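The exercises below ask you to read a protein fold step by step, with a worked solution after each task. Please keep the sequence and the model in view as you go.

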Amino acid sequence: MVALSDEEIENIYALVKRYWEDYLKKHGVGPLPQLQREGNYTKAALVLVYLAWGYPNTRWVTKEELTEFVRNYHPKTPDVQEGRHLGMQRGFYVASSQRRNGLNEEELKNAPRNAYRLMTLERPHPSWIPKRQKVEDIDFESIKKNYGYRCATCGSREGEANLRYPGETTRLQEAHRNPHKPLTGDNVIPLCERCNRADRDKWVYDKRGRVVGVAKAEVVINSIKKRYLPEAEVEKLKDFLVKRAGGDSS
Ligand SMILES: [Zn+2]
């Protein structure tokens, strides 16, 4: 059982917050996870705090250990994804032992499999692309609740068998309704891993998960090119589709 006292959690969080304000915020790293929501620590904050424990002398922490820690506060957590999200989405330099991400052989040598490590709070993650950052802290729990914890496109329910792949347990992910727009709460729908993987960045959805536009014109273009339409018409169609996706699609 891995645990920290409330006081320790609050102290570590305050330390992270100071570093974030001094070094990271100006690079667009963030948002800093809220420490609490509705009286409970948020998963993202718990993961960040746990990784920052002992900072600057941090260590590799396995996903299992992180999950165990988070379950003290969120007992139903299936699998903690926040280690990866803090790095790739928010820009914190949380390295993953599964990826190279700016680390050399020496630094990776003793890393356990499937582990995370907070490398520094003074620089953003070297592989992070700032434009993918979220522009607000998204309350994904509430969003999922609004959808009855079901995938918006196939209806599979979180924690239950996937409807199309019965051997797999459904895990809902934060997906864009429109990938051309920032990942704000209004632009998020829950999709199961299968739907998210298959449809990633191709379609524009309405709030009910119905396709209302094409985000990647190639999806349509490749199927008609040189078969039904002259090249000039294809180009016109492409322009139309892309403009439409970038515009209003709600
Ligand atoms: Zn689905």
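**Exercise 1: a loop residue and the chain as a whole**

Lys26 has 10 C-beta neighbours inside 10 Å and therefore counts as exposed, where exposed means 12 or fewer other C-beta atoms within 10 Å of a residue's own, buried means 20 or more, partly exposed is the range in between, and C-beta atoms are placed from the backbone. This is a predicted model, in which local features need pLDDT of at least 70 and side-chain atom pairs count only at pLDDT 80 or more, while totals for chains, interfaces and linings use all residues. Residues are numbered from 1 along each chain as its sequence is written.

Task: state where Lys26 lies, and give the overall make-up of the protein chain.

Solution. Step 1: Lys26 belongs to the loop between H1 and strand S1 (36-37); helices (H or I, at least four residues) and strands (E, at least two) are DSSP runs, numbered from the N terminus. Step 2: although Lys26 and Pro130 are 104 residues apart along the chain, their C-alpha atoms are separated by 11 Å. Step 3: the protein chain holds nine helices and nine strands, its C-alpha trace spans about 65 × 35 × 35 Å along the principal axes, and 31% of its 250 residues count as buried.

**Exercise 2: two helices in contact**

Task: determine at what angle the axes of H1 and H2 cross, and which residues make the contact.

Solution. Step 1: the axes of helix H1 (residues 6-24) and helix H2 (residues 43-52) come within 9 Å and cross at roughly 85°, the axes being lines fitted to C-alpha atoms, for helices over the stretch in contact, with angles that run from 0 to 180 degrees between N-to-C directions. Step 2: H1 and H2 are therefore roughly perpendicular to each other, a label given to angles of 65 to 115 degrees, whereas angles under 35 count as roughly parallel, those over 145 as roughly antiparallel and the rest as oblique. Step 3: H1 contributes Ile9, Ile12, Tyr13, Leu15 and Val16 to the contact, and H2 contributes Ala45, Leu48, Val49 and Ala52, with two residues taken to be in contact if their C-beta atoms, placed from the backbone, lie within 7 Å. Step 4: these residues divide into nine nonpolar, no polar and no charged, where Ala, Val, Leu, Ile, Met, Phe, Trp, Tyr, Cys and Pro count as nonpolar, Asp, Glu, Lys and Arg as charged, and the others, Gly among them, as polar.

**Exercise 3: the sheet beside H2**

Task: give the strand order of the open sheet of three strands, and name the strands that H2 touches.

Solution. Step 1: the order is S3-S5-S4, with antiparallel pairing, and two strands pair if DSSP finds at least two bridges between them. Step 2: S3 and S4 are the edge strands, each of which pairs on one side only. Step 3: H2 packs on this sheet, touching S3, S4 and S5, and its direction makes about 70° with that of S5. Step 4: strand S3 (residues 61-62) is joined to strand S5 (residues 115-120) by two bridges, and Thr62 stands opposite Ala115. Step 5: strand S4 (residues 93-96) pairs with S5 over four bridges, with Ser96 opposite Tyr116 and Tyr93 opposite Thr120.

**Exercise 4: the nonpolar core**

Task: is H2 largely enclosed or open, and which residues of the largest nonpolar core touch the most other members?

Solution. Step 1: nine of the ten residues of H2 are buried, so H2 is largely enclosed by the rest of the structure. Step 2: in the largest nonpolar core, which has 29 residues, Val47, Leu48 and Val49 touch the most other members; such a core is a set of buried Ala, Val, Leu, Ile, Met, Phe, Trp, Tyr and Cys residues joined through C-beta atoms within 7 Å. Step 3: H2 supplies the largest share of this core, eight residues. Step 4: Val49 touches Ile9, Ile12, Tyr13 and Val16, not counting residues up to four places away in sequence.

**Exercise 5: backbone exceptions**

Task: identify which peptide bond is cis at Pro31, and which sign phi has at Asn114.

Solution. Step 1: most residues other than glycine have a negative phi, and most peptide bonds are trans. Step 2: the bond from Gly30 to Pro31 is cis, with omega near 0°, and a cis bond also joins Tyr55 and Pro56, with omega about 10°. Step 3: Asn114 is not a glycine, yet its phi is positive, about 55°.
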